[in-house]
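The following note is offered to a colleague who is reading this structure for the first time. Its points go from the overall picture to individual residues.

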Amino acid sequence: MPVQKWVHIALVQDGVHVDLYYNGKIYASTKLPNIPTVSNKFLYLGNKNNNFNGYLYHLEYANINLQQEDILNIYNSSKNKLPSKLTTYSEFFDKYYKNN
């Protein structure tokens, strides 16, 4: 993945088949036979213990199986709507505590 650049990632699971899309195009496809069909656990994104160092700007969850054309349409409709600059955590922290 490029550093300091926004990318669109989509993950589609259909049973044990998983497709990974990168900027609207299929990047990888595999079978994962041990995926639980029902989970009652929380999904954490950006958790301090999972080595995620970045920003999530827009997150969508669908309970239907999206096709490649659907993913490309979502990517194309959102790629020009990204902010030109996001406030970093340290900028937010400095601004918040200077004002309070």
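1. Nature of the model. The structure is a predicted model, and its confidence should be read first. Mean pLDDT for the protein is 76, with 64% of the residues at 70 or more. Among the elements, strand β3 has the highest mean pLDDT, 94, whereas helix α2 (residues 89-99) has the lowest, 56. Helix α2 thus falls on the other end of the confidence scale from β3.

2. Overall composition. Three strands and two helices make up the elements of the protein. Read from the N terminus, their order is β-β-β-α-α. Of the 100 residues in the protein, 10% are buried. The exposed surface comes to about 9,300 Å², of which carbon and sulfur atoms supply 53%. As for contacts between residues at least 6 apart in sequence, 37% of them join residues at least 24 apart.

3. The sheet. The three strands form an open sheet in the order β1-β2-β3, and the pairing is antiparallel. Its edges are β1 (9-14) and β3 (25-31), each of which pairs on one side only. On average, neighbouring strands are turned by 20 degrees against each other, direction ignored. In general, strands of a sheet pair through backbone hydrogen bonds, in a parallel or antiparallel manner.

4. Pairing of β1 with β2. These two strands are antiparallel and are joined by six bridges. One of the bridge partnerships links Asp 14 to His 17 in β2. The connection is a hairpin with two residues between β1 and β2, and Gly 15 in the turn has a positive phi of about 70 degrees.

5. Pairing of β2 with β3. Strand β2 (residues 17-22) is likewise antiparallel to β3, and six bridges join the two. His 17 has Lys 31 as its bridge partner in β3, and Leu 20 has Ala 28 as its partner in that strand. His 17 therefore takes part in both pairings, because its partners are Asp 14 and Lys 31, where a pairing of strands rests on at least two bridges.

6. The second turn. Which residue of the hairpin of β2 and β3 takes a positive phi? That residue is Asn 23, with a value near 50 degrees, in a hairpin that has two residues between its strands. Asn 23 is placed in the loop between β2 and β3. A reviewer may wish to look at this residue, as Asn 23 has its positive phi although it is not a glycine.

7. The aromatic pair. How many aromatic pairs are there? The count comes to one. The rings belong to Tyr 22 and Tyr 27; their centres are 5.9 Å apart and their planes stand at 50 degrees, so the pair is tilted. The reasoning depends on the cut-offs: centres must lie within 6.5 Å, and a tilted pair is neither under 30 degrees, which would be stacked, nor over 60, which would be edge-to-face. As to accessibility, Tyr 22 is partly exposed, at 26% relative accessibility. Tyr 27 has a relative accessible area of 62% and is exposed.

8. Residues far apart in sequence. Two C-alpha distances relate the later loops to the N-terminal part of the chain. Ala 62, in the loop between β3 and α1, lies 9.3 Å from Val 12, the two being 50 residues apart in sequence. Ala 62 counts as partly exposed at 38% relative accessibility. Lys 79, in the loop between α1 (68-78) and α2, lies 8.6 Å from Val 7, with 72 residues separating them in sequence. Lys 79 is also partly exposed, with a relative accessibility of 38%.

How values were computed: Residues are numbered from 1 along each chain as its sequence is written. This is a predicted model: local features need pLDDT of at least 70, side-chain atom pairs count only at pLDDT 80 or more; totals for chains, interfaces and linings use all residues. Side-chain values use heavy atoms; hydrogens and water are left out. Helices (H or I, at least four residues) and strands (E, at least two) are DSSP runs, numbered from the N terminus. Axes are lines fitted to C-alpha atoms, for helices over the stretch in contact, and angles run from 0 to 180 degrees between N-to-C directions. Rings of Phe, Tyr and Trp (its six-membered ring) pair if their centres lie within 6.5 Å; planes under 30 degrees apart count as stacked, over 60 as edge-to-face and the rest as tilted. Buried means under 20% relative accessible area, exposed over 50%, partly exposed in between (1.4 Å probe, protein chains only). pLDDT is the predictor's confidence in each residue, from 0 to 100. Contact means heavy atoms within 4.5 Å. Accessible areas come from the Shrake-Rupley method with a 1.4 Å probe; for residues, only the protein chains shown count as cover.
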